[in-house]
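Me: I'd like to work through this one with you, starting with the rings and ending with the pockets. Let's put it on screen.

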Amino acid sequence: MKQFFSVNDIPCLSTAVKSALDSKQHPFADEALGKHKTIGLVFLNPSLRTRMSTQKAAMNLGMNVMVMNMTSDGWALETKDGVVMDGNTAEHIKEAAAVMGEYCDILGLRSFPGLKDAEEDYNEELFSKFAKYCGKPLVSLESATRHPLQSFTDLITIVENSEFSWVNDQLVPQGKKPKVVLTWAPHVKALPQAVPNSFAEWMNRAEKEGLIDFVITHPEGYDLNEEFTKDVKITNNQDEALENADFVYVKNWSSYKDYGQITCTDKSWMITLDKLKNTNTAKVMHCLPVRRDLVIASEVLDSNQSIVIQEAGNRVWAAQAVLKEMLKN
């Protein structure tokens, strides 16, 4: 594995989930793989779970870890080619990425979108140029359009909390496939589409492989880019979507059509226990951080239906599975 940027970098979901769950059972079984190897984690934006879980995963594999906070520790990067660098940027990405590749065996990169220009954000220029110039395997720690480590984690968590069996190392649902719902929720800020894009992409793949049934619900005007939702059932009726749900993934995102804008502030979209009455006592998920009593009611987060902490804990095993594959190759 030379890069981990989307679900398309995973040949088989069942194999990937099994690798992660094996690491959860035996965290240090592969620690020799990373001996004398170094991972560099490069952050252009804040992080808690991604930073700590990826560091933990790397250390479980015997790796050394370097963390670079570019906004405070590094030079402002120029990503455009053919420009005279007489502005605020002090170092070109060509040199910066190449130098990091000299110091590290694997690199992880995290950068949020500007939410001003959809074409610019969805071009993923920063990631593509890092991949081009660093010369080493590259892991997305979240980009403008995707958060694959989070979505891989979410799949692992759904499998753990469902009735699946293993047949020739392939996941097979026992009885009815779990119904997974991605629901929009209100927020005070315009947030990126990266997490819902990625979750939709991974769950769409899981549905096509016969593992789950998947539905997205959101207010009018909040359709995600069709690249991530092709063939997915989508409804603007949240109650209809939640009926008989087994998992409810809650997330806010800003409009893609009216790019980066908040076009709905309907507080009734917040997930409450009353909203969950017609579900199959659905497990509630969120990538965190979550604003209590705005996105999800405290009564839900503090209930047995919330699995957000287990979900966050599984971030280690998703990262470890990805790093194992990179180190093996």
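Me: Are tyrosine 122 and phenylalanine 228 buried or exposed?
Reply: This is a predicted model, with local features taken at pLDDT of at least 70, side-chain atom pairs at 80 or more, and totals over all residues. Residues count from 1 along each chain, and side-chain values use heavy atoms, without hydrogens or water. Burial goes by relative accessible area (buried under 20%, exposed over 50%, partly exposed in between, 1.4 Å probe, protein chains only). For both tyrosine 122 and phenylalanine 228 the verdict is buried.

Me: Nice. How many aromatic pairs are there?
Reply: Rings of Phe, Tyr and Trp (its six-membered ring) pair with centres within 6.5 Å (planes under 30 degrees: stacked, over 60: edge-to-face, the rest: tilted). By that rule the aromatic pairs number eleven.

Me: What is the geometry of the pair formed by tyrosine 122 and phenylalanine 228?
Reply: Their ring centres lie 6.5 Å apart, with 65° between the planes. That makes the aromatic pair of tyrosine 122 and phenylalanine 228 edge-to-face.

Me: How far apart in sequence are the parts that this pair ties together?
Reply: Think in DSSP runs, numbered from the N terminus (helices H or I, at least four residues; strands E, at least two). Tyrosine 122 belongs to helix α5 and phenylalanine 228 to helix α9 (residues 226-229), so the parts they tie together have a sequence separation of 106 residues.

Me: And why is the pair of tryptophan 184 and tyrosine 222 tilted?
Reply: The ring centres of tryptophan 184 and tyrosine 222 are 4.9 Å apart, and their planes meet at 50°, so the pair counts as tilted. This pair also links distant parts of the chain, with tryptophan 184 in strand β10 (residues 179-184) and tyrosine 222 in the loop between β11 (213-217) and α9, 38 residues apart. The angle behind the tilted label is 50°.

Me: What relative accessibility does tyrosine 222 have?
Reply: Its partner tryptophan 184 is buried, with a relative accessible area of 1%. Tyrosine 222 counts as buried too, at a relative accessibility of 1%.

Me: Which residues do ring pairs link into a cluster?
Reply: Two of them are the partners from earlier, Tyr122 and Phe228. The cluster is completed by Tyr256 and Tyr259.

Me: On to a loop residue: is asparagine 88 buried or exposed?
Reply: Asparagine 88 sits in the loop between β4 (77-78) and β5 (91-92). From C-alpha to C-alpha, glutamate 78 is 8.7 Å from asparagine 88, ten residues away in sequence. With a relative accessible area of 77%, asparagine 88 is exposed.

Me: Is serine 306 buried or exposed?
Reply: Serine 306 also has a loop position, between α11 (298-301) and α12 (308-313). At 15% relative accessibility, serine 306 counts as buried.

Me: Now the pockets. Which elements give two or more residues to the lining of the largest pocket?
Reply: A pocket is an open set of points on a 1 Å grid over the protein atoms alone, where a 1.4 Å probe fits and protein lies on both sides within 12 Å along at least five of seven lines; lining residues have an atom within 4 Å of a point. The largest pocket holds about 660 Å³, the space filled by probe spheres on points joined across faces, edges and corners. Its lining has 29 residues, with Phe112, Leu191, Lys251, Leu288 and Pro289 closest to the centre. The elements giving two or more are α2 (49-60) and α8 (194-208).

Me: Which element gives the most to the lining of the second largest pocket?
Reply: The second largest pocket has a volume of about 500 Å³. Its lining comprises 22 residues, with Leu44, Thr79, Ser111, Phe112 and Leu126 nearest the centre. At least two lining residues come from each of α3 (70-73), α5 (118-122) and α6 (125-134). With three residues, the element that gives the most is α6.
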